[in-house]
Amino acid sequence: MSYLSQPPSPPLAEKVKHEMEMFGDVRVDNYYWLRDDSRKDPKVLSYLEQENAYTEAMLSGTKKLQDKIYAEIRGRIKEDDISAPLRKGPYYYYSRTLEGKEYVQYCRSLVPNCDAPPSVHDTMATGPDAPPEHVILDENVKAQEHGFYSIGAFKVSPNHKMVAYAEDTKGDEIYTVYVIDAETRAQIGKPLVGVTSDVQWAGNDALVYITMDEILRPDKAWLHKLGSDQCNDSCLYHEKDDMFSLGLQASESEKFLFISSESKMTRFVFYLEVCKLEEGLKVLTPRINGIDTSVGHHGNHFFIQKRSDEFFNSELLACPVDNTSATTVLIPHRESVKIQDIQLFSDHLVVYEREQGLPKITAYRLPAVEEPLICLQGGQAVQFIDPVYSVEPSESQFSSTILRFSYSSLRTPPSVYEYDMNTGESVLKKIETVLGGFDASNYVTERKWATASDGTQIPISIVYQKNLVRLDGSDPMLLYGYGSYEISIDPDFNKARLSLLDRGFIFAIAHIRGGGEMGRQWYENGKFLKKKNTFTDFITCAEFLIEQKYCSKEKLCIEGRSAGGMLMGAVLNMRPDLWKAAVAGVPFVDVLTTILDPTIPLTTSEWEEWGDPRKEEFYHYMKSYSPVDNVKAQNYPHILVTAGLHDPRVMYSEPAKFVAKLRDMKTDNNMLLFKCELGAGHFSKSGRFERLQEDAMTFAFLLKALNMIPTCGCA
């Protein structure tokens, strides 16, 4: 292995004593000064720059390897490509990427025979005789003036004449919405500034959008008439309770907009009839603590997905549009099956569910609009090919019989399918091209179950290159985890990950409690005063994988991002002996201090996830696992921590404090590296190739930690 002859000294953050007292308990935070909400303090920026320089110096011996990995990953990308075209009205809409360009173009072309009903066998014509391609918006042109560029929404008006798009040029997720003529690209009216990416057309002459308060909580919904000034927009609803945030959704029928107000436990919904905007919002589902509803529309009915403490995996109801309290149960609650989402069509209902940790899709035919809606009959399940996989709803056309969905697995690249709900036929419309000799048959995916100390079975998804692994405990492994917010980390494909698999790594995902993989109770059993189940489940999965000879302690690397970064911090403190290396991406590690401070974005609503530390029981429990509060004088494995200066979700100062405290207290000589992107937010850099550099650096760090870099510096 090539080490620097004289490793540089790590930066040591100055200690400035800051005491915080609660319930007679005094905590000392010597690095509180690292929080600078303006992100302009020269002393703070200087420290972050020193950390970045130290990371670069420590990894300078891996530069050739990083370049090689970057070239590998980029070499798998078909740089000039288009997404699967979606037929909407008279056009096919799609996005295009160009060779060497970081960003996408939003395009459309005319459907030659748009009177013919859509079919799963439709293909967009190409070549000299095909209708010409029209580029509506080119992100590459827009991004030239900015170091960061991201479009959070791209919405075509119902008459296809205009487009509203939301633009973020900092990474702070505060957007500006522009309306342009879809043909000439000319801007229409003044942009809407300081808004979220939640924007929807309300007919062809108006938009509905959402703005945030000073702690970045989406709190107001507005109606904007095209051509009028933003200052004259009418406020449809103001959510004053800081535990709640607003969301916006259009019905598939385009006849209604739904504005929801939600906390972590409760959600209620208003509706706005697009052809009667002057009537304003009306209550669809009432505000009842502990009841969570989400809705859709079809014909004379609203469809309501309803969750409560009793019906924790949700039931599906329908009610007449003109009598919302008269509900009929269409799908009753089931303890083993969770209703995740619904999608409505002119003649069909599609239900996305989870059972035994796996997603499933069922399509039902609906009775004609004039017939009564009493029950559902004859659901048809879509079949999938891998033992573990990921399925996501895709935009489909309400008036068609075609369901479009995205499918992927640990060995199957992202694929777009169209499913004919009348015939049951599935047609692959596009599978992402993976260049560089990728052959899915060389990779094996498996699902295993580890048993927690309380008897709970925890699913683990695994993938490896079958010709390279020995499965005798000597293989290197990367184990990934998240386990919060009821989010399911379904096993999907990652082109970059092949650079590890093709070096003999086994990759695994621990589907731990706190996530949503096994239904609502899986989440309930990994939050509040049961949060430590998330961490002990991860440790259990690691011990199981070692026992089953997938790896050994000396070869086990772990990774988590955001709340998964908190998982990393917790298990590093609890069992530092179990890991060889850890990657904590934008980690939420200063849990107690952050959740006690309501001025930090997104904090108050988090009390329903972690608990309210102003209550003594929660204070002591959260303190017992909060990573920054539990760093101690012990040996730690190799650690890489990343952050984004403009991250509104996890303040850069949390990972900065964690690293500073580790530097001061740890008793080993292993690497501790901190990389803070000074021009990005929670989701790293914005360009598709720029982001690969972070992957290359992360992989090089892991290979260096595992002593897998030959002396030439490339592997």
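How many bridges join strand β1 to strand β2, and do the two strands run parallel or antiparallel? The legends below take up this hairpin and then other close-up views of the structure, which is a predicted model.

**View 1. The hairpin of β1 and β2.** Strand β1 (residues 19–22) and strand β2 (residues 25–28) run antiparallel and are joined by four bridges. Within this pairing, Glu-19 stands opposite Val-28, which belongs to β2. Two residues lie between the strands of the hairpin, and Phe-23 takes a positive phi near 50 degrees there. For comparison with that value, most residues other than glycine have a negative phi.

**View 2. Helix α10 and the elements packed against it.** Helix α10 spans residues 616–623, and its buried residues are Phe-618, Tyr-619, Tyr-621 and Met-622. These buried residues pack against both strands of the hairpin in View 1, β1 and β2, and also against the helices α6 (532–547), α8 (591–595) and α9.

**View 3. An aromatic pair between a loop and helix α9.** The model holds 28 aromatic pairs, and one of them is formed by Tyr-485 and Trp-610, whose rings meet edge-to-face at 5.7 Å centre to centre, with 85 degrees between the planes. Tyr-485 belongs to the loop between β33 (477–481) and α4 (498–501), while Trp-610 belongs to helix α9 (residues 607–610), so the pair ties together parts that lie 125 residues apart in sequence. The two partners can also be described by their accessibility: Tyr-485 is partly exposed, at a relative accessible area of 25%, whereas Trp-610 is buried, at 0%.

**View 4. A cluster of rings, and two charges placed over rings.** Ring pairs link five residues, Phe-384, Tyr-389, Phe-405, Tyr-407 and Tyr-417, into a cluster. Elsewhere, the charged end of Arg-287 sits over the ring of Phe-244, at 4.3 Å from its centre. In a further case, Lys-88 lies over the face of Tyr-93, and the distance to the ring centre is 5.2 Å.

**View 5. The nonpolar cores.** In soluble globular proteins, nonpolar side chains tend to be buried together. Here the largest nonpolar core has 151 residues, and those with the most contacts inside it are Phe-405, Phe-538, Leu-545 and Trp-579. Helix α12 (residues 690–705) supplies the largest share of this core, with nine residues. A second, separate core of 15 residues includes Tyr-93, Tyr-103, Tyr-106 and Ile-151. Phe-405, from the larger core, also takes part in the ring cluster of View 4, and Tyr-93, from the second core, is the residue whose face lies under Lys-88.

**View 6. The surroundings of Phe-538.** Leaving aside residues up to four places away in sequence, Phe-538 touches residues that include Leu-479, Tyr-480, Gly-481, Ala-510 and Ile-512. Its contacts also include Ile-558, Leu-567, Met-568, Val-571 and Trp-579, the last of which is listed with Phe-538 among the residues with the most contacts inside the largest core.

**View 7. Thr-55 in helix α1.** Thr-55 lies in helix α1, which covers residues 42–58, and is buried, with a relative accessible area of 1%. Not counting residues up to four places away in sequence, Thr-55 touches Leu-673, Phe-674, Lys-675 and Met-697.

**View 8. Gly-679 in the loop before α12.** Gly-679 is found in the loop between β38 (672–677) and α12, where this residue is partly exposed, with a relative accessible area of 43%. Apart from residues up to four places away in sequence, Gly-679 touches Phe-148, Lys-170 and His-646. Gly-679 and Ile-136 are 543 residues apart in sequence, and their C-alpha atoms are 28 Å apart in space.

**View 9. Two loop residues with positive phi.** Arg-185 has a positive phi of about 70 degrees although it is not a glycine. Arg-185 lies in the loop between β10 (175–181) and β11 (192–201) and is partly exposed, with a relative accessible area of 44%. Lys-549, likewise not a glycine, has a positive phi of about 65 degrees. Lys-549 is placed in the loop between α6 and β35 (556–561) and is partly exposed, with a relative accessible area of 43%.

**View 10. The region annotated in UniProt.** An unreviewed UniProt entry places the feature "domain: Peptidase S9A N-terminal" at residues 10–430. Over these residues the chain is 8% helix and 43% strand, and the end C-alpha atoms are 48 Å apart.

Conventions. Residues are numbered from 1 along each chain as its sequence is written. This is a predicted model: local features need pLDDT of at least 70, side-chain atom pairs count only at pLDDT 80 or more; totals for chains, interfaces and linings use all residues. Side-chain values use heavy atoms; hydrogens and water are left out. Rings of Phe, Tyr and Trp (its six-membered ring) pair if their centres lie within 6.5 Å; planes under 30 degrees apart count as stacked, over 60 as edge-to-face and the rest as tilted. Buried means under 20% relative accessible area, exposed over 50%, partly exposed in between (1.4 Å probe, protein chains only). A charge sits over a ring if NZ of Lys or CZ of Arg is within 6 Å of the ring centre and within 35 degrees of the ring normal. A nonpolar core is a set of buried Ala, Val, Leu, Ile, Met, Phe, Trp, Tyr and Cys residues joined through side-chain atoms within 4.5 Å. Contact means heavy atoms within 4.5 Å. Two strands pair if DSSP finds at least two bridges between them. UniProt positions are given in the numbering used here, feature names are shortened, and annotations may be inferred rather than shown by experiment.
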